[in-house]
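Trainee: I am new to this structure and would like a close look at a single part of it. Please take one strand and go through what surrounds it.

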Amino acid sequence: MRVPISRIVEIKKFLANHKKTTLNDVATITLINPSTFKRIPLASEKVAAGFPSPAQDYIDKTLDMNEHLVKNEAATFVVKVASLSMRDAGIEIDDELLVDRSLEAKHEDIVIALIDNEFTVKRLMIEGDKCWLKAENPDYDDIHLNDCQELLIWGVVTFVIKPFRKHK
């Protein structure tokens with residue numbers, strides 16, 4: 001399934017209309033293209049994170065990463081991170097975030113937000129009829145909106161893609 005041209009045009013128009021938009025915590029926004037299929041072997045047993053347990057030596061299933069990570073192709077984008085404001089949530093510079101624009105943001109979701117024409121990635125905090133954005137690094141300020149600021153939740157972060165081993 002391909003991303004509908006109308007969806008691509010909608011995103012390009014959005015970004016073009018926000019020419020003054022700066023990518024404060026977000027380095028790039030990229031459409032996904034899940035047209036390739038790579039099935040990865042899936043072990044039939046879970047791996048213990050504590051004491052070792054005997055694992056079976058065979059694999060009986062495979063996992064398609066597109067099906068696993070992308071629930072709504074037309075609304076899913078990859079965003080590259082440009083700051084350490086979410087470090088304590090495990091999100092660092094150059095990590096890639098999968099963002100689903102079709103999800104309704106809920107309390108404590110990590111979101112891509114647009115405030116005063118600047119994109120940022122923060123944790124959404126909803127308290128009664130007020131909301132604010134929480135940084136997950138004490139070196140960065142939380143964002144509490146004043147009356148003249150507009151908050152637009154651009155999408156909900158569903159996955160963080162990062163290597164644990166740097167390839168040389």
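Mentor: What follows is a walk along one strand, β8, and its two neighbours, with a short look at a surface patch at the end. Keep in mind that this is a predicted model.

Strand β8 covers residues 118–127 and is mostly covered, with 7 of its 10 residues buried. On one side of the walk is strand β7, residues 110–115, which pairs with β8 in the antiparallel sense over 6 bridges. Within this pairing, R123 of β8 has I110 standing opposite. The hairpin of β7 and β8 leaves 2 residues between the strands, and there D116 takes a positive phi near 50°.

The next partner is strand β9, residues 130–134. β8 and β9 also pair in the antiparallel sense, here over 5 bridges. One of the pairs to look for is E127, whose bridge partner in β9 is K130. The hairpin of β8 and β9 again has 2 residues between the strands. In this hairpin the residue with a positive phi is G128, at a value near 65°.

Past β9 the chain enters a loop that leads to β10 (151–161), and Y140 has its place in this loop. Together with L84 and I93, Y140 makes a nonpolar surface patch of about 230 Å². The relative accessible area of Y140 is 33%, so this residue counts as partly exposed. A patch residue needs over 30% relative accessible area, and the 33% of Y140 is the value to set beside that cut-off.

Definitions and conventions. Residues numbered from 1 in each chain as written. Predicted model: local features only at pLDDT ≥ 70, side-chain atom pairs only at ≥ 80, totals over all residues. Heavy atoms only, no water. Buried < 20%, exposed > 50% of the residue type's maximum accessible area, 1.4 Å probe, protein only. Helix = DSSP H or I, 4+ residues; strand = E, 2+ residues; numbered from the N terminus. Pairing = 2+ DSSP bridges. Patch = residues over 30% accessible without salt bridge, like charges linked within 9 Å, V, L, I, M, F, W, Y side chains within 5 Å. Areas by Shrake-Rupley, 256 points an atom, 1.4 Å probe, with all protein chains shown as cover. Salt bridge = Lys/Arg side-chain N within 4 Å of Asp/Glu carboxyl O.
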